[in-house]
Every structure is written in C-alpha cells, then in structure tokens.
Amino acid sequence: MELTITKNATCTFCGCVCDDIELHSDAERIVETKRACILGESWFRNHTAERLYPDALIDGKPATVDEAVEAAAEYLYNAHLPLVYGLSNVTCETQREAVALTEMIGGVVDSHTSL
Amino acid sequence: MGGKVTCTLGEVKNRADLIVYWGGNPAECHPRHFTKYTLTQKGKFIPKGRKDRTMILVDIRETPSAKAADIFLQVRPNKDFEMLSILRALIKGQRVHAERVAETGLTLEQLTDFAERMKKARFGVLFFGMGLSMTRGKHMNSAALLSLAAELNAFTKFVAMPMRGHGNVTGGDVIMRWTTGYPFGVNLSRGYPRFNPGEFSTVDLLLRGDNDAALILGADPGATMPQPAIDHLARIPTIVLDPKVTHTSRLSRVHITTAATGISAPGTVYRMDEIPLPLRPPLKSPYPTDEEVVRRIYKAVAKKPMWLPPEEPAAKG
C-alpha cells in the first residue's frame with residue numbers, strides 16, 4: 001500500500017514540541033518517523049487509527065458516545081464542586097472548551113502545573 | 001509570561017554563550033533540546049556552535065546529561081535553595097559563611113567560578129527542571145532561580161526558562177491565563193475566577209475530599225498521583241477522556257475514547273517557550289476528538305435547567 005508522507009509534523013510527547021518530523025503512514029499506523037528522537041518515535045508508533053477500545057464505557061460496560069456524554073453531563077451538573085483536571089495532552093482548542101465547561105458547571109479547572 | 005525574565009528557544013540558539021541546566025536531565029527527558037535549540041546549533045552570534053558555548057549542569061547525581069556538560073556541579077540533595085542564595089550573594093560581591101557553602105556539598109571556588117562565569121556571559125540562560133521545582137522548597141526554589149536570573153541583568157543579559165514535561169502543559173497555562181487571568185488551579189464555583197494554590201490545586205482538593213465529581217482529560221492521575229488522591233477519584237463519579245483505557249479509566253464511572261492529539265486530532269500546541277505550533281495529524285481516528293466530546297458535554301449540560309441557589313430562610317422577627 002502507498003504510504004502517505006506528512007512533512008513538518010509536530011510531536012507532542014515532551015515540551016520541546018519538535019515541528020520538523022517527517023512521518024510515513026498507511027491508513028492505520030505510522031511506520032517511519034524521520035528526525036524524531038527515541039521518545040518521539042515510540043509516541044508516534046504507539047498510537048494507531050485502529051479501533052482497539054470500545055467507543056465509551058459506563059461503569060465498565062461498553063456504551064455509545066451519546067449515552068456516555070449524557071451520563072457525564074448528569075454527573076457534572078449534579079456536582080457541587082466538580083474538578084476538571086489534566087489538560088496536558090490535549091490541544092489548546094480543547095483547553096478553551098474545558099474552561100468554558102468548568103465555568104458553566106461551577107467547578108475548578110487545573111493542570112499538571114499544580115503538581 | 002507571569003513576570004519571568006525569559007525568551008524564546010530561537011534566541012537561545014542564536015545568542016546564548018552560557019547555558020545552565022539545573023535539576024533537569026535533557027539527555028533523557030528532552031533528547032533533542034541540546035541539538036535542536038541549545039548546545040550544538042550554530043547561531044547568528046554563535047558562529048562556531050558548541051565551541052562558542054559553555055554548558056554547566058547542576059544536579060544531585062551525575063545523569064547522562066553530565067557527558068554533554070563542560071562543568072558538572074553536584075549539589076547535595078535539597079540544598080538547591082541554599083546554593084541559589086549563595087550565588088545571589090556572590091554576584092553582588094557579598095561575603096558568604098564557609099559553613100553555608102559547605103552545606104551545599106560544593107567549594108567556595110566552584111561557586112565563585114560559577115558566579116563569575118554567569119556575570120561574564122554575553123547572553124546566559126538558566127533552564128530549570130523538576131529536580132529544582134518539585135523537591136524541598138518547591139516554588140520557593142523556582143522563585144530564587146528566577147530572582148537570580150533577574151538580578152544578573154544588572155551585569156549582562158540573562159534569562160530563565162522552565163523545562164516543561166508533558167506535551168501541551170504550557171498551553172494549559174496560556175489558555176487558563178487568557179480565559180481566567182490565572183495559570184492553573186482556578187476555582188469558578190462562585191461564577192468568577194479565584195486562584196489559591198494549596199487550596200484549589202488538584203492534589204489538595206482531592207486529599208481534603210472537596211470534589212464530588214471529576215472530569216479528567218489529557219492526563220492519567222491514576223498512575224501518577226498520591227494514593228489518597230486516587231482513592232478519592234475512585235469514590236466520586238469520575239469521567240475520563242483518553243485515547244486509551246488508562247489506570248484512571250478503570251476507576252472511573254464514564255470513559256470516552258478520543259482521538260490522539262497530534263496523531264489523529266488536529267489543533268494547536270504550545271512549546272515550552274510559549275510559541276504556539278500547529279499540529280499535522282497523519283491518521284484519521286475512528287473516535288471523536290477531545291474538543292468535540294467536551295463541546296458535546298457542554299451542550300448536554302446547557303440543556304438542563306439553570307442552577308439557582310436555594311432560597312434563604314426568612315429572617316425571624
């Protein structure tokens with residue numbers, strides 16, 4: 001199968017955020033990571049586009065995303081002081097949405113910085 | 001930038017002739033830091049690259065990064081703050097007590113030489129890692145190092161920069177600063193932002209058991225946090241968004257699988273020097289992105305009736 005080449009790809013494993021990586025990939029996985037370091041290579045090879053996990057889990061049982069979103073909203077809505085935590089391995093666009101959600105549910109938003 | 005004296009990594013590459021790493025091990029944790037940004041690159045004012053630069057490493061043990069250093073200073077564990085205070089005195093020509101110097105595990109000659117090299121540099125930079133900011137003294141250590149960098153500007157150009165770990169943790173600081181005015185641990189429960197590390201920081205909240213629900217995304221606290229904090233996450237309804245089923249997913253009530261940032265999810269990520277960079281994901285994930293899922297949760301909560309505080313009981317009288 002023909003490989004897709006992605007030039008100047010950005011690696012998000014560590015804070016260096018190297019943006020000069022050349023990735024060769026087929027439909028499911030990345031097979032070549034030019035210029036990436038040992039950590040970056042394992043990062044890119046470790047994540048594939050395969051369906052390895054259920055879409056969602058509620059109490060450990062497979063569920064649809066719609067059901068899981070409703071369940072999540074119900075828990076967060078009913079909480080007095082919900083916590084929104086992490087925000088490290090997500091995009092800035094996601095972080096912005098997470099702050100908006102925290103404001104609406106009246107919670108605390110925090111990241112790895114506080115550790 | 002929160003008042004710190006800093007710069008971009010491009011400036012380090014083009015100008016820095018003295019590079020100090022303090023409490024960090026870039027050779028193993030940020031493998032391309034030396035070759036892409038700091039040591040070996042030739043810069044506009046550093047024509048000979050590595051030959052034009054001096055690298056000093058301060059750490060409690062000789063890590064693989066010591067091989068790349070010109071000078072390795074082995075500070076006694078938990079004596080970073082004392083060493084920084086002595087350096088701040090030495091650059092100003094103040095006298096220091098011999099027993100205070102001995103406490104750090106280094107000699108006065110080593111510290112004086114370090115102080116002189118910093119003052120004589122044309123452009124110096126202090127990179128500091130978790131070996132400084134997460135050990136005894138914590139944020140006071142970071143504050144002492146940032147003060148040292150600021151005070152060195154009386155003699156030459158000097159900057160400081162934290163060596164940030166996980167991918168977009170810098171972006172988290174930037175986005176929270178932009179949206180709320182504070183960089184982390186922001187409490188919005190009163191409808192306006194309040195910031196008080198130690199009170200509204202996650203580990204403290206969880207240890208006190210203050211939260212009655214949690215949404216975890218882009219992190220796996222179940223693998224990294226102190227056990228009592230993890231126990232509280234298991235007690236309350238916890239929701240996890242992650243590309244994999246993680247330790248935290250196993251103790252959560254709801255897990256939603258999402259696309260992996262930068263691999264199958266597009267967007268923007270901040271580098272440790274606060275430069276935003278676009279992602280170029282090569283794969284298409286069968287799962288939705290974190291951004292999309294958070295937005296869907298937002299919409300689902302927005303449909304519910306607005307929460308109003310219970311009415312105050314009428315005053316007796």
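Here are some questions and answers on how chains A and B fit together in this predicted model.

Residues are numbered from 1 along each chain as its sequence is written, and chains are lettered from A in the order in which they are written. Local features need pLDDT of at least 70 and side-chain atom pairs count only at pLDDT 80 or more, while totals for chains, interfaces and linings use all residues; side-chain values use heavy atoms, with hydrogens and water left out.

Q: How much area is buried between chain A and chain B?
A: Contact here means heavy atoms within 4.5 Å, and 90 residues of chain A are in contact with 90 residues of chain B. Buried area is the accessible area (1.4 Å probe) that two parts lose on being put together, summed over both. Carbon and sulfur atoms give 65% of that area, and the total is about 8200 Å².

Q: How many residue pairs are in polar contact across the interface of chain A and chain B?
A: A polar contact is a pair of N or O atoms within 3.5 Å; within protein, one must be able to donate a hydrogen and the other to accept it, and residues adjacent in sequence count only if both atoms are side-chain atoms. With both residues at pLDDT 80 or more, the rule finds 46 residue pairs.

Q: Which element gives the most to the side of chain A that touches chain B?
A: Helices (H or I, at least four residues) and strands (E, at least two) are DSSP runs, numbered from the N terminus. Elements giving two or more residues to this side include α1 (38-46), α2 (65-78) and α3 (92-105) of chain A. With 14 residues, the top contributor is α3(A).

Q: What is the N to O distance in the salt bridge of D20(A) and R32(B)?
A: A salt bridge is a side-chain nitrogen of Lys or Arg within 4 Å of a carboxyl oxygen of Asp or Glu; the count between chain A and chain B is 5. This pair crosses from the loop between β1 and β2 of chain A to the loop between α2 (26-29) and α3 (33-37) of chain B. Both D20(A) and R32(B) are buried (under 20% relative accessible area, 1.4 Å probe, protein chains only; exposed is over 50%, partly exposed in between). Their N to O distance is 2.8 Å.

Q: How many residues apart in sequence are the parts that R29(A) and E50(A) tie together?
A: R29(A) forms a salt bridge with E50(A), with the closest N and O atoms 3.0 Å apart. R29(A) counts as partly exposed at 33% relative accessibility, and E50(A) does too at 22%. R29(A) lies in the loop between β2 and β3 (30-34) of chain A and E50(A) in the loop between α1 and β4 of chain A, so the parts tied together are apart in sequence by 21 residues.

Q: Which strands stand at the edges of the open sheet?
A: The sheet has 9 strands in the order β5(A)-β4(A)-β10(B)-β9(B)-β8(B)-β6(A)-β7(A)-β6(B)-β7(B), with mixed pairing; two strands pair if DSSP finds at least two bridges between them. Inside that order, 5 bridges join β6(A) to β8(B), which run parallel. Each edge strand has a single partner, so one side of each is left without a neighbour in the sheet: they are β5 (61-63) of chain A and β7 (194-195) of chain B.

Q: What is the bridge partner of N187(B) in β7(B)?
A: Strand β6 (residues 186-187) of chain B is joined to β7(B) by 2 bridges, and the two run antiparallel. In β7(B), N187(B) has as its partner R194(B).
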